[in-house]
Amino acid sequence: MRTTRPLLVAAGAAAALAVAAAAPAAADGAVLTTGENTPVAVGDVLNASLAAGTAATLYSSATGTSGVSCTSSAFTATVTANPPAPGTASESLTGHTFDSGGCSSNVVGVLGVSGITVDNLPYTTAVSSDGTITVTPAAGSAVQTTLRLRTLLGTITCVYQAPALTGTASNADNSIAFTKQHFTRSSGTSLCFSDGYFTAKYAPVTDTSLPGGPVVHVG
């Protein structure tokens, strides 16, 4: 009888240690990680191009296929905060480019795409543990894209704006995706469609500040 209680206490302690050892390692990790649950450092630069076989599109309606399509695009962002998970990491989106050589338009009256510029950078990007991504501009500004389109009458400029963008991060292919994000035309001729719906998938997202550029996980 005198040894029963110490044995029970020891058994309980061992069971508690076993449960703790079995707990998911991600619980102690950061929102953005690489490799073996290694937190991405603040100041690291993340980069991604369009997922293989996909295109970035800005269509004139949410259900149509008329507009502009690009097969070459990339973004660059710097990590500004990476708290423990679950939580929300922050990035500064400093670059978002489109190669006009890989862009085309099927809008009636438009012969081609001379250039696409993302304006008002940098944007603030919030990445939550649940995979939600929110891109917002500086106060008093807008997420803005300028298209330069070739027509029979010369090059026209179409400017589109959105208050913010919402996307999704996936660890299945280390991607971020934007689907039918609504822009409205802020300036341009009648050849510039009045609404734009942006869709694109970028993968894989990598940490280019580290050797080998490991992929980035969200959790």
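This section describes strand pairing, side-chain contacts, backbone geometry and a surface patch in a predicted model.

The model is predicted, so local features need pLDDT of at least 70 and side-chain atom pairs count only at pLDDT 80 or more, while totals for chains, interfaces and linings use all residues. Residues are numbered from 1 along each chain as its sequence is written, and side-chain values use heavy atoms, with hydrogens and water left out.

Strands of a sheet pair through backbone hydrogen bonds, in either a parallel or an antiparallel sense. Strands here are DSSP runs (E, at least two residues), and they are numbered from the N terminus, as are helices (H or I, at least four residues). Two strands are taken to pair if DSSP finds at least two bridges between them. An open sheet of 3 strands has the order β2-β1-β18, with antiparallel pairing. Its edge strands are β2 and β18 (217-218), each of which pairs on one side only. Between β1 and β18 there are 2 bridges in the antiparallel sense, and T33 has H217 in β18 as its bridge partner.

Strand β6 takes part in two further pairings. Strand β3 (residues 45-49) and strand β6 (residues 73-81) run antiparallel to each other over 5 bridges, and N47 stands opposite T76 in β6. Strands β6 and β7 are also antiparallel, with 8 bridges, and here V79 faces E91 in β7. The connection from β6 to β7 is a hairpin through 6 residues. In a regular strand the side chains alternate between the two faces of the sheet.

The loop between β6 and β7 contains P86. A cis peptide bond joins A85 and P86, with omega at about -5 degrees. Most peptide bonds are trans, and most residues other than glycine have a negative phi. A cis peptide bond is also found between L121 and P122, where omega is about 5 degrees. P122 lies in the loop between β9 (110-119) and β10 (123-128). The loop between β9 and β10 also holds N120, which has a positive phi of about 65 degrees although it is not a glycine. N120 is partly exposed, because its relative accessible area is 34% and this class lies between buried (under 20%) and exposed (over 50%), for a 1.4 Å probe and protein chains only. N37, again not a glycine, has a positive phi of about 60 degrees. N37 is located in the loop between β1 (32-34) and β2 (38-39) and counts as partly exposed at 27% relative accessibility.

A pair of aromatic rings is described by the distance of the centres and the angle of the planes. Rings of Phe, Tyr and Trp (its six-membered ring) count as a pair if their centres lie within 6.5 Å; planes under 30 degrees apart are called stacked, those over 60 edge-to-face, and the rest tilted. The structure holds 4 aromatic pairs. One of them is the edge-to-face pair of F98 and F198, at 6.5 Å centre to centre and 80 degrees between the planes. This pair links distant parts of the chain, with F98 in strand β7 (residues 88-98) and F198 in strand β16 (residues 195-202), 100 residues apart. F98 is buried, with a relative accessible area of 14%, and F198 is buried at 8%. Together with F178, these two residues form one aromatic cluster.

Strand β16 also contributes to a salt bridge, through K201. A salt bridge is defined as a side-chain nitrogen of Lys or Arg within 4 Å of a carboxyl oxygen of Asp or Glu. The structure holds 1 salt bridge, in which the side chains of K201 and D173 meet at 2.7 Å, N to O. The partners are 28 residues apart, D173 lying in the loop between β14 (165-170) and β15 (175-187). K201 is partly exposed, with a relative accessible area of 31%, and D173 is partly exposed at 28%.

On the surface, L111, L152 and L153 make a nonpolar patch of about 440 Å². Patches are made of residues with over 30% relative accessible area and no salt bridge; like charges are joined within 9 Å and nonpolar side chains (Val, Leu, Ile, Met, Phe, Trp, Tyr) within 5 Å. Accessible areas come from the Shrake-Rupley method with a 1.4 Å probe, and for residues only the protein chains shown count as cover. L153 lies in the loop between β12 (143-151) and β13 (154-162) and is exposed, with a relative accessible area of 85%.
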